[in-house]
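Biologist: Please take one part of this model, a single residue to begin with, and follow its surroundings outward from there. Give each cut-off as the term comes up.

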Amino acid sequence: GLDLKAALFPEGAAREGADARLTSTSLAQPALFCVEYALAQLWISWGVRPESMLGHSVGEFVCACLAGVMDLPDALSLVTLRGRLMEALPRGVMLAVPLPEAELVARLEGRTDLWLCGVNAPEMCVAGGTEEAVAAFERELAASGIAATRLHTSHAFHSGLMEAAVAPFVEAASAVALSAPSSPYVSTLTGDWITAGQATDPPFWGRQIR
């Protein structure tokens with residue numbers, strides 16, 4: 001039978017192998033969804049229900065599932081496809097940059113291989129692109145006294161390198177029943193409260209990748 005402890009908490013070479021497998025986007029995204037969804041259900045089982053929610057990237061699918069926008073099988077199917085599509089694209093690098101959005105956008109202007117990927121705080125953003133472009137940008141930032149930090153990702157998510165995943169994902173989302181959210185959550189794409197129109201619009205979920 002299955003040794004559950006060994007499966008969940010591998011040791012030695014088994015742990016190294018598990019760590020390596022989780023660097024694969026096609027496995028990491030469904031795994032992340034499952035952990036987040038399970039944690040939410042644990043809190044709910046204790047009687048703690050969220051009045052509002054916030055989830056980044058894959059986490060937004062957890063919010064959508066908990067809010068009844070999509071059911072659990074559909075959410076798992078979409079997240080699994082999302083991971084496979086994104087993994088198949090060219091690899092890239094993401095860089096946490098301690099700058100306000102406007103200043104980072106100005107530094108990225110005119111570049112075709114670097115993009116603004118996220119705005120996490122008033123003075124903390126994420127840029128992403130090819131290895132070569134990010135390495136050159138790191139040197140440019142260092143020359144200005146700005147210490148940027150690479151993220152532990154295999155690809156430059158939410159960048160232009162993800163463009164090819166958008167259309168097939170929209171097609172898959174179009175085949176799923178999408179409902180208006182029954183509880184509020186903040187969207188990764190807009191940074192604002194999700195609307196019924198957005199949540200039920202398949203192209204919105206495609207843009208969420210990009």
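**Tyr-37 and outward**

Modeller: Tyr-37 belongs to helix α3; helices (H or I, at least four residues) and strands (E, at least two) are DSSP runs, numbered from the N terminus. The model is predicted, so local features need pLDDT of at least 70 and side-chain atom pairs pLDDT 80 or more, while totals for chains, interfaces and linings use all residues. Residues are numbered from 1 along each chain as its sequence is written, and side-chain values use heavy atoms, without hydrogens and water.

Tyr-37 is buried, because its relative accessibility is 18% (buried is under 20% relative accessible area, exposed over 50%, partly exposed in between; 1.4 Å probe, protein chains only). Apart from neighbours within four places in sequence, Tyr-37 is in contact (heavy atoms within 4.5 Å) with Val-62, Cys-65, Leu-66 and Leu-72. Val-170 is 133 residues away from Tyr-37 in sequence, and their C-alpha atoms are 23 Å apart.

One of those contacts, Cys-65, leads to the cysteines. Cys-65 is itself buried, since its relative accessibility is 9%. What is the nearest cysteine sulfur to that of Cys-65? It is the one in Cys-63, and because the separation is 10 Å, the two are too far apart for a bond. Cys-125 is in no disulfide either (a pair of cysteine sulfur atoms within 2.5 Å), as the nearest cysteine sulfur, in Cys-117, is 10 Å away. With 0% relative accessibility, Cys-125 counts as buried. The count by this rule is zero disulfides.

Other contacts of Tyr-37, Val-62 and Leu-66 among them, share a stretch of sequence with helix α4 (58-66). Ser-57 sits in the loop between β1 (53-54) and that helix. The phi of Ser-57 is positive, about 60°, and the residue is not a glycine. Most residues other than glycine have a negative phi. Ser-57 counts as buried, given 11% relative accessibility. Met-53 and Ala-67 are both touched by Ser-183, not counting residues up to four places away in sequence. Ser-183 is in the loop between α8 and β6 (185-186), and its relative accessible area of 17% makes it buried.

Helix α3 also leads to the largest pocket. A pocket is an open set of points on a 1 Å grid over the protein atoms alone, where a 1.4 Å probe fits, with protein on both sides within 12 Å along at least five of seven lines; lining residues have an atom within 4 Å of a point. The volume is about 480 Å³, as the space filled by probe spheres set on the points. The lining has 24 residues, with Leu-32, Met-94, His-152, Thr-153 and Phe-157 nearest the centre. Helix α3 (25-45), α5 (72-87) and β3 (114-121) each supply at least two lining residues, and α3 gives the most, five.

Ser-154, His-155 and His-158 share one setting. Ser-154 is in the loop between β5 and α8, as is His-158. His-155 lies there too, and the limits of the flanking elements are β5 (149-150) and α8 (163-174).

Ser-154 is buried at 9% relative accessible area. Its side chain makes a polar contact of 2.9 Å with that of Thr-25 (N or O atoms within 3.5 Å, within protein one able to donate a hydrogen and the other to accept it; residues adjacent in sequence count only if both atoms are side-chain atoms). A second polar contact, of 2.7 Å, joins the side chains of Ser-154 and His-155. Ser-154 and Met-86 are 68 residues apart in sequence, with 9.8 Å between their C-alpha atoms.

Is His-155 buried or exposed? It is buried, with a relative accessible area of 1%. The His-155 side chain reaches the backbone oxygen of Met-86 at 3.4 Å. Beyond four places in sequence, His-155 touches Thr-25, Met-86, Glu-87, Leu-89, Pro-90, Arg-91, Gly-92, Val-93, Met-94 and Met-162. Among these contacts, Met-94 is also one of the residues nearest the pocket centre.

His-158 has a positive phi, near 60°, in a residue other than glycine. His-158 is buried at 7% relative accessibility.
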